[in-house]
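User: I am new to this structure and would be grateful for a close look at how its interior is built. Please set that part in the context of the whole, and explain terms where the reasoning needs them.

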Amino acid sequence: MSFFNPIFEAMGTVLSWMYAIVPNYGVAIIMLTILVRLVLYPLTAKQARSMIAMQRVQPEIKKLQAKYKDDKQKLNEEMMKFYKENKINPFGGCLPLLAQMPIFISLFRVLHDPQKYTPVNSAFHQNMC
């Protein structure tokens, strides 16, 4: 049993619900994909805001790197101080991406083998098998 199995089964159930609404496999997949993107939108927006903030302060970071190019420890201290003063998380762009990975892995897996993860008594499972 995989750590992701509950997520796989939940997505399979949602896929079967989508199929019950519109009995077309392609449309059900599109609807599930749109739903997943809507659920993940807050994380995507946070990642984009963090990336924009990092781009905005890039000239100041370059100045710090030029000023402390010979002293790596002092450069790290100054950069951490700079990030705190500007309320920027340097890993703010990566963390939301990591949080989204299990969802996208699950989406891929469910769409790769939907009969395995959809409920047996669903219309989707009965029509596909």
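Analyst: A helix is here a DSSP run of H or I covering at least four residues, a strand is a run of E covering at least two, and both are numbered from the N terminus. In these terms the protein, which is a predicted model, has seven helices and zero strands. Its pattern along the sequence is accordingly written α-α-α-α-α-α-α.

The overall dimensions give the setting for the interior. Along the principal axes, the C-alpha atoms fill a box of roughly 65 × 30 × 20 Å. The radius of gyration is 22 Å, whereas a compact globule of 129 residues would have one near 14 Å. Of the 129 residues, 32% count as buried, a term that stands for under 20% relative accessible area. The protein exposes about 8,800 Å², and 64% of this area is supplied by carbon and sulfur atoms. Where contacts join residues at least 6 apart in sequence, 62% of them link residues at least 24 apart.

The interior itself may now be examined. The largest nonpolar core has 15 residues, and those that touch the most other members are Met11, Leu15, Ala28, Leu32, Val36, Leu107 and Val110. Two or more residues of this core come from each of helix 1 (5-21), helix 2 and helix 5 (95-112). Helix 1 gives the most, with six residues. Valine 110 shows how such a member is surrounded: beyond its neighbours within four places in sequence, it is in contact with Phe8, Met11, Gly12, Leu15 and Tyr117. A second core, separate from this one, has ten residues, among them Val57, Ile61, Leu64 and Leu75.

Two of the contacts of valine 110, Phe8 and Tyr117, also belong to an aromatic cluster in which ring pairs link them with Phe3 and Phe4. The whole structure contains four aromatic pairs. In one of them, the rings of phenylalanine 3 and phenylalanine 4 have centres 5.5 Å apart and planes at 75°, and the pair is therefore edge-to-face, since that label applies to planes over 60 degrees apart. Phenylalanine 3 nevertheless counts as exposed, because its relative accessibility is 70%.

Helix 2 also holds buried residues with partners far along the sequence. Serine 50 lies in this helix and counts as buried because its relative accessibility is 13%. Apart from neighbours within four places in sequence, serine 50 is in contact with Asn89, Gly92 and Gly93. Alanine 53 is likewise part of helix 2, which spans residues 25-56. With a relative accessibility of 19%, alanine 53 counts as buried, given that the limit is under 20%. Between alanine 53 and glycine 92, the C-alpha atoms are 9.8 Å apart, although 39 residues separate the two in sequence.

A charged pair completes the picture. The structure holds one salt bridge. It joins lysine 74 to glutamate 78, with 3.2 Å between the closest N and O atoms. Both residues lie in helix 4 (residues 72-85), four residues apart, which is about one turn of the helix. Lysine 74 has a relative accessible area of 30% and is therefore partly exposed, whereas glutamate 78, at 16% relative accessibility, counts as buried.

Conventions. Residues numbered from 1 in each chain as written. Predicted model: local features only at pLDDT ≥ 70, side-chain atom pairs only at ≥ 80, totals over all residues. Heavy atoms only, no water. Buried < 20%, exposed > 50% of the residue type's maximum accessible area, 1.4 Å probe, protein only. Phe/Tyr/Trp six-rings, centres within 6.5 Å; stacked < 30°, edge-to-face > 60°. Contact = heavy atoms within 4.5 Å. Core = buried A, V, L, I, M, F, W, Y, C linked by side-chain atoms within 4.5 Å. Rg over C-alpha atoms; globule rule 2.2 N^0.38 Å. Areas by Shrake-Rupley, 256 points an atom, 1.4 Å probe, with all protein chains shown as cover. Salt bridge = Lys/Arg side-chain N within 4 Å of Asp/Glu carboxyl O.
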